[in-house]
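Hi everyone, thanks for making time today. I'd like to walk you through a protein that may be new to most of you. Let me put it up on the screen.

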Amino acid sequence: MKDKIQIFDTTLRDGEQVPGCKLNASQKLIIAKELENLGVDIIEAGFPVSSPGDFESVELISKNIKETIVCGLTRSVEKDIRVAAEALKHAVRPRIHTGIGTSETHIKYKFNSTREGVLERAVNAVKYAKSFVHDVEFYAEDAGRTDNEFLAKVCSAVVAAGATVLNIPDTTGYCLPHEYGEKIKYLYENVEGIHKAVLSTHCHNDLGLATANSMAGILNGARQVEVTINGIGERAGNTALEEVAMIVQHRMGDRFYTDIQSKELNRLSKLVSESMSMPVQANKAIVGVNAFAHSSGIHQDGVIKNTLTYEIIDPASVGAEKSLILLTARSGRAALAFRAKEVGYNLYKDQLDIAYEKFIDLADRKKEINDEDLGTLLKGLFPAMIA
Ligand code: KIV
Ligand code: ZN
């Protein structure tokens, strides 16, 4: 029996916090509908108290999303929770996400408080949120740097107060995978009433470990993962949805599954990137333009013979274009023959040798040779051949 991993998407909240990524309510609704279509389980639609625009977005999404849970973020502040409940009141499946910092750094510098003070606020916030909705997720901000024993105490108290999900954010992207995994295991084994709640990961990418940490969380008992499309989010970003989905599908499919329709991943990535004017890095796993592009001669030769030599994922399974054989100064004869055939020239060996010499000369001057360049070069060399 496989365990389902719930996908909690926070592109519209944590992702949208990125400077320059602000969306209006109708843009957010378009993305929310696509996220539902993609198969996410929870959409964090915004932080309603933060601005009238965010309130409007959460309200609009709540009215229009029928299957997926719609979640609104709050601090452990009564007004935040009241406003979130109001914004979510039309949601078929509303969730309030409330919480407070639990690390010594947050307790001392953010709240000028004590462990007892923070614990009390956490419990009160969960109880207050429960007076509006059944589904209440609690986040222990900076859990990554929180002492495990105190974290378990806070988690036990909020579960007793009615929290249905325990979010354990590595807010600063501080943990190493084994540390984060051990933290989740510790909570799984030490939080009282843990069977009444789901443990959730929320890992930031400050050290490039967000996805690795999230996977360590899953392997140690987390059954919800908080992610964003393209891994966007505060500073270095969040865990990328597309990475988690494909790791679960390709490497952990014997034990876990998600409901993500992976063929939609590249379309969603483009939609989010274009709506937010946030380009995706070319070498981004799964959705970068180079994710299935091969440019060195050795790799190209292998891929032309069989894509399995250098690809672990079928590009079609994530909605990407077919594997690309790029023509650069590092390309070999096999790639040139392959691309020449694509533009209509089936070259004999001696023709290929002639063409290769000219091609390398051109490729040394130009970064990449496109179809047009190649057509011009071949036409010049072999005018009698009709492409
Ligand atoms: O990174 C974080 O701790 C958060 C919480 C508000 C959930 O985004
Ligand atoms: Zn976050």
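Let's start where the two domains meet: across the interface of domain 1 and domain 2, 4 residue pairs are in polar contact, both partners having pLDDT 80 or more. And yes, that pLDDT is there because this is a predicted model. On the side of domain 1 that touches domain 2, two elements each give two or more residues: helix 9, covering 241–251, and helix 10, covering 265–275. Sorted by class, that side of domain 1 has 2 nonpolar residues, 3 polar ones and 1 charged one. How many salt bridges cross the interface of domain 1 and domain 2? The count is 0.

Let me step back for a moment. Domain 1 runs over 3–276 and domain 2 over 293–381. Their C-alpha centres are 44 Å apart. In contact with each other are 6 residues of domain 1 and 7 residues of domain 2. Together the two domains bury about 520 Å², with 56% of that on carbon and sulfur atoms. Which residues of domain 1 lose the most area to domain 2? They are His 250, Lys 263 and Asn 266, and together they make up 65% of what the domain 1 side buries.

Now, on to the ligand. Around ligand 1 you'll find ten names to look for, including Arg 13, Asp 14, Tyr 139 and Glu 141. Three others from that group have a polar side-chain atom paired with an oxygen atom of ligand 1: Thr 171 at 2.7 Å, His 204 at 3.0 Å and His 202 at 3.1 Å.

Conventions:
Residues are numbered from 1 along each chain as its sequence is written. Chains are lettered from A and ligands numbered from 1 in the order in which they are written. This is a predicted model: local features need pLDDT of at least 70, side-chain atom pairs count only at pLDDT 80 or more; totals for chains, interfaces and linings use all residues. Side-chain values use heavy atoms; hydrogens and water are left out. Domain bounds come from an automatic or database domain assignment. Contact means heavy atoms within 4.5 Å. Buried area is the accessible area (1.4 Å probe) that two parts lose on being put together, summed over both. A salt bridge is a side-chain nitrogen of Lys or Arg within 4 Å of a carboxyl oxygen of Asp or Glu. A polar contact is a pair of N or O atoms within 3.5 Å; within protein, one must be able to donate a hydrogen and the other to accept it, and residues adjacent in sequence count only if both atoms are side-chain atoms. Helices (H or I, at least four residues) and strands (E, at least two) are DSSP runs, numbered from the N terminus. Ala, Val, Leu, Ile, Met, Phe, Trp, Tyr, Cys and Pro count as nonpolar, Asp, Glu, Lys and Arg as charged, and the others, Gly among them, as polar. A residue is near a molecule or strand if one of its heavy atoms lies within 4 Å of it.
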